[in-house]
Amino acid sequence: MPIPLPNPLAEAREALQQRVLRAVADRSPLRLVGGGTQAGLVRASAGEPLALSVLNGLIAYEPSELVITAGAGTPLSVLSATLADQGQMLPFEPALAGGQATLGGAVAAQRGGPRRWLAGSVRDFLLGVRLIDGLGQEVGFGGQVIKNVAGFDITRLQAGAWGSLGLITEVSVKVLPRPQAECTLQFAMAQAEALQQVNAWAGQPLPLSAVSWDQGILRLRLSGVPAALASACATLGGQALENDAAEAHWTSLRERTHPFFEQGGTLWRLAVKPTSPVLDLPGAVLWEWGGGQRWLRTEAPAELVRRSAERAGGHAMLWRGGESGVPVFHPPAAALAALQRRIKHALDPHGIFNPGTPDFL
Amino acid sequence: MGHIESLPSSATRKPDDAALVAALRNVLPHAAVLTETEARRPYESDGLSAYRQQPQVVVLPANEAEVQAVLQVCHRLGVAVVARGHGTGLSGGAMPNERGVLMSLARLNRILEIDAHARTARVQPGVRNLAISEAVAPQGLYYAPDPSSQIACSIGGNVAENSGGVHCLKYGLTVHNLVKVRALLIDGTVIEVGADAPDAAGFDLLALLTGSEGLLAVVTEVTVRLLPRPRTVQALLASFDDVERAGQAVANIIAAGIIPAGLEMMDGPATRAAEAFVHANYPVDAEALLICESDGTAEEVADETARMRAVLEAAGATEVRFSRDEAERLKFWAGRKAAFPAVGRLAPDYYCIDGTIPRRTLGSVLNWMYARAEALGVQVVNVFHAGDGNLHPLLLFDAAKAGDFARTEVLANEILAKCVEVGGTITGEHGVGVEKIDAMCVQFNAAELGIFLGVKAAFDPDGLMNPGKAVPVLHRCAELGRMHVHHGALPHPDLPRF
Ligand SMILES: Cc1cc2nc3c(=O)[nH]c(=O)nc-3n(C[C@H](O)[C@H](O)[C@H](O)COP(=O)(O)OP(=O)(O)OC[C@H]3O[C@@H](n4cnc5c(N)ncnc54)[C@H](O)[C@@H]3O)c2cc1C
């Protein structure tokens, strides 16, 4: 049987619902605040701040179902520790931000770390959400089972919507067993060769779980049963990294505390087709996810960065800095922008939640 | 069979056949517009043949421009349009509308691009699921979602239904294996959702379109993610003398930290029917059979199968067999794959139910189901995706016998309600279509249905795409007495009801 827990959030949810109903009546917008770790990206949001940290608590967890349900304000560090006790993990390896990052925030901002490369993103593991919609109604979509095709997928629509489509109160996510073992290999390799090599490896049945490249060094993490890692390492070559150093490296990417991010200047996140060749842009690069997520420190004009990302099959988000007036989010094509405004209207007709985020709405 | 209600008649009107046909002939070659009764007959139903309807006209566009032209005609004339892949759906999703156009995407059947290095394939919607894996096999790649209908169903239909397969416990559903989709809105606007990049700018419209059952847009191009073919695959066949113990074994495998590539269950009647049909050498005295598959490198498979055997034996398996070679592995699967036709030999008709429950309730729900079936005098056979908790009870009946199907429908509805009651859902992979439109009123309250209708209106304000499917209009639920009105208020007062 599932661990029967009284829903610790009923009261908090009720209070938030009353607050939203008041906002709807007054037509006064709200700015939803989780752990506040993404504040830099929602800088355009107007509205009165509404703290969601009250939605903190585990609601249900049954390891054999591979599902955990918790309040949206639950710190990811708490969830990760609970899962680790049962030998499980959040497969998308989100940043914990020293205990500040919350489950709802990870969903809204679609946050994933090194393992997101081949394991999948938050949306891939999202099974259900409960929301307070833009009319102040409590609604639920999806559930706690892995296969569920009843109705439109309003659940996954919340991933990466930055809270603009509802106040998420509860989240159910699929979890996975932790790998028995991990090891990290490193290779001295120029960027172009590294992009080529990593995608060639990814096309083979190898137990890969993370990759990064910066300053001429490619690092590759493998996860799985020890015997499989040993044989894969023998095939791949390279130099094995000490466990502590490896752990520190992947943590610094997950938390974005790697020295690359500590240096000042304008920082862009480009999501591009992983096999795209080296981008013709000035500045310093660090990439992850097989070349799919490329971090770029550059003072190149925003237009140049965005066109370059588009040509590489993707988009660019202004992560930090930049000239004033440059939108944070990559503007979608006109037809898609119009469609997204209509979807926003369907879930939040009075524009109560996070007006101005994403900034193309 | 119940009368199928479609959207209010104001949403769709029936222009006279001549005007509609003339408008379509204007934009399509003559042979691509079917008006003869005989020519339209094959399109009357999908795989759920109990629900049938003659469309006003059938069109067979051959490329995206023709699809666009058809949609523009329907939009201009206010005519309903139903997209159809290869018609294997099991919920009546592609059942035509009597006042509209049935558009088959079958002629858009080309593989446009295979990018082996990026591990993607870009294909037209009418390409069959299995044809993708066949086309990329020389590169050592495959497309993971494998519905049992994969030799026949289209990738466009898979996107519309978010189809699963026996390997989706480990590799995910259709939604997890898509990169990007090109689709047309009712007014002919082209949209591209998803991206070759790990994520796309803006809302996740790719997830929203997946599983939308042809209500939001017509899919004209699909880019799928391909995976490297595993080097080693092995299957285990475990017998149990009791379904409860087999259900517990399923939960224990997952709890032990194992995610098998496949984890399927067949109950005693299914096992015996399959054995009689294909002679897979199944143990016919077993009350439940589990087929567990492991894939990966040789080391991974050796480790995982050893751990699975230990869990199965501890859970009380009376026998655990390992496939010794590829031929034996395929033999283990042969019975499972032929289970539906095998059951088809037991009775003139059967009704396949689709619902999902938490794994831990497998044993108790199956025993409840046997008891209800006996009380109602219906024979039930179970063969299903146990690892996902996705049930497929097959209810046997004889359509020629008065009252037989009615009893079957009673049990079917009870089973779906049970799925919801234990924390599951009314459909795991076959979709809502027309079949489960009423059950939607059980699973969702008025506010939730209102949001579905709002999203529908954001894509298709006149309700012309596949009307009457997947999402019930609110007055339908109200008339059924199943509407949950929340806080005394109906949402979206602008939407049609009462
Ligand atoms: C024997 C058998 C076994 C099956 N096994 C499984 C299984 O294991 N797992 C599973 O998930 N399903 C299974 N199914 C169900 C069915 O095969 C799937 O739902 C499949 O995805 C339907 O594809 P299709 O091309 O036949 O679609 P159709 O039946 O033609 O259409 C299905 C729905 O998709 C819409 N649609 C089709 N093409 C498009 C398009 N291009 N754009 C927009 N909408 C479109 C239609 O309007 C309709 O609503 C099985 C069916 C049979 C008969």
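1. In this predicted model, start with helix α8 of chain B, residues 243-255. α8(B) packs against α13(B) at an angle of about 150°, and the two axes are 7 Å apart. That angle makes α8(B) roughly antiparallel to α13(B), because angles over 145 degrees count as such. The crossing of the two helices is right-handed.

2. Which residues make this contact? From α8(B) they are B:V243, B:E244, B:G247 and B:V250. From α13(B) they are B:L362, B:G363, B:S364, B:L366, B:N367 and B:Y370. Sorted by class, the contact of α8(B) with α13(B) has five nonpolar residues, four polar and one charged.

3. Helix α13(B) has another partner to look at. Its residues are 362-376, and those of helix α14 of chain B are 404-421. The axes of α13(B) and α14(B) come within 11 Å and cross at roughly 160°. α13(B) is therefore roughly antiparallel to α14(B). This crossing is right-handed.

4. On the α13(B) side, the contact with α14(B) is made by B:V365, B:W368, B:M369, B:R372, B:A373 and B:L376. On the α14(B) side, B:R407, B:V410, B:L411, B:E414, B:I415 and B:K418 take part. How do these residues divide by class, and what is the polar count? Eight are nonpolar and four are charged, with no polar residues in the contact of α13(B) with α14(B).

5. Now the ligand. It is surrounded by 33 residues. The closest are B:A83, B:T88, B:G89, B:S149 and B:S154.

6. Check the polar atoms around the ligand next. An oxygen atom of the ligand is 2.6 Å from an N or O atom in the side chain of B:S149, a residue also listed among the closest. At B:G85 the partner is a polar backbone atom, 2.7 Å from an oxygen atom of the ligand. At B:E213 a polar backbone atom is 3.3 Å from an oxygen atom of the ligand.

7. Two backbone details in chain A deserve a look. A:T357 and A:P358 are joined by a cis peptide bond, with omega about -15°. A:P358 sits in the segment after α12 (334-347) of chain A.

8. The other detail is A:L66. This residue is not a glycine, yet its phi is positive, at about 55°. Where is A:L66 placed? It is in the loop between β3 (58-62) and β4 (67-71) of chain A.

Methods. Residues numbered from 1 in each chain as written. Chains lettered and ligands numbered in written order. Predicted model: local features only at pLDDT ≥ 70, side-chain atom pairs only at ≥ 80, totals over all residues. Heavy atoms only, no water. Axes fitted to C-alpha atoms, helices over the stretch in contact; angles between N-to-C directions. Helix = DSSP H or I, 4+ residues; strand = E, 2+ residues; numbered from the N terminus. Parallel < 35°, antiparallel > 145°, perpendicular 65-115°, else oblique. Left-handed = near helix turned anticlockwise from the far one by under 90°. Contact = heavy atoms within 4.5 Å. Nonpolar A, V, L, I, M, F, W, Y, C, P; charged D, E, K, R; others polar. Near = heavy atom within 4 Å. Polar contact = N/O pair within 3.5 Å; in protein donor to acceptor, adjacent residues only side chain to side chain.
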